[in-house]
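Q: Please take a close look at one part of this model, the salt-bridge network, and describe how it sits in the chain around it.

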Amino acid sequence: PLLLSQVPTRHGGGPPPSAAAASGSGGGGEKGALCQECGEQPWNYRCPGCSRLTCSLPCVQAHKRRTACSGKRPRTVPVALAQFDGNQLLSDYNLLEETSQVRESAHRLLDGFGCGFEGRHGAQLLPWLSFLGKAAERRGVRLAVQT
């Protein structure tokens, strides 16, 4: 499994300049820099959400409590073309793959109930959806229900 320190970061990746200065290192993120939470141990993990450097699970948890950081990398934040690199491409590809897996899982689930997509397998609307569609049609509204 990947450690948080091995996960590529977005938008430059380094910690805020004030945090780098507080850790005693000039570069902010190189090996040997101190944990930005406790300032006592070298960092081992980089938060994917905000790039904060921490040394241990207690420091990660303290960071999340103190800053209300989710610890998750934003997945749909627009990135300037100049900043788009191989890591961004991989992140976008993984998002599309996960979306495809969810779609396929939904197909399998609905096929198991005898309902299909795109009118396959004689799929029928639930009675209340059919009633809603007919009521809308009587009022001159064309209601399109996708399953």
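A: Glu37, Arg52 and Arg66 are linked in a network of salt bridges. The model is a predicted one, and a search of the whole structure finds two salt bridges. In one, the side chains of Arg66 and Glu37 meet with an N to O distance of 3.0 Å. This pair links distant parts of the chain, with Arg66 in helix H2 and Glu37 in the loop between H1 and S1, 29 residues apart. In the other, Arg52 pairs with Glu37, and the closest N and O atoms are 3.5 Å apart. That pair also links distant parts of the chain: Arg52 is in the loop between S1 and S2, Glu37 is in the loop between helix H1 (17-22) and S1, and 15 residues separate them.

The accessibility of two of the partners can be stated. Arg52 has a relative accessible area of 17% and is therefore buried, the cut-off for that class being under 20%. Glu37, with a relative accessible area of 22%, is partly exposed.

The loop that holds Arg52 also holds Ser51, which lies between strand S1 (45-46) and strand S2 (53-54). Ser51 has a positive phi of about 70° although it is not a glycine. Most residues other than glycine have a negative phi. Ser51 is buried, its relative accessible area being 6%.

A second positive phi, about 60°, is found at Ala68, again a residue that is not a glycine. Ala68 lies in the loop between helix H2 (57-67) and helix H3 (86-112); H2 is the helix that carries Arg66. What is the accessibility class of Ala68, buried or exposed? With a relative accessibility of 68%, Ala68 counts as exposed, whereas Ser51 is buried.

Strand S1 (45-46) brings in another contact of an arginine. The charged end of Arg46 sits over the ring of Trp43, at 5.2 Å from the ring centre. As for contacts between rings, a search of the whole structure finds zero aromatic pairs.

The unreviewed UniProt entry carries the annotation "domain: HIT-type" for residues 35-69. Over residues 35-69 the chain is 31% helix and 11% strand. The C-alpha atoms at the two ends of that stretch are 17 Å apart.

For the wider setting, the protein chain has four helices and two strands, and read along the sequence these follow the pattern α-β-β-α-α-α. Buried residues make up 24% of the 147 residues in the protein chain.

Further along, Leu126, Trp128, Leu132 and Leu143 make a nonpolar surface patch of about 420 Å². Of these residues, Leu132 has its place in helix H4 (residues 127-138). Leu132 counts as partly exposed, at 42% relative accessibility.

To return to the network, Glu37 is joined to Arg52 by one salt bridge and to Arg66 by another.

Terms used:
Residues numbered from 1 in each chain as written. Predicted model: local features only at pLDDT ≥ 70, side-chain atom pairs only at ≥ 80, totals over all residues. Heavy atoms only, no water. UniProt positions renumbered as here; feature names shortened; annotations may be inferred. Phe/Tyr/Trp six-rings, centres within 6.5 Å; stacked < 30°, edge-to-face > 60°. Lys NZ or Arg CZ within 6 Å of the ring centre and 35° of its normal. Buried < 20%, exposed > 50% of the residue type's maximum accessible area, 1.4 Å probe, protein only. Patch = residues over 30% accessible without salt bridge, like charges linked within 9 Å, V, L, I, M, F, W, Y side chains within 5 Å. Areas by Shrake-Rupley, 256 points an atom, 1.4 Å probe, with all protein chains shown as cover. Salt bridge = Lys/Arg side-chain N within 4 Å of Asp/Glu carboxyl O.
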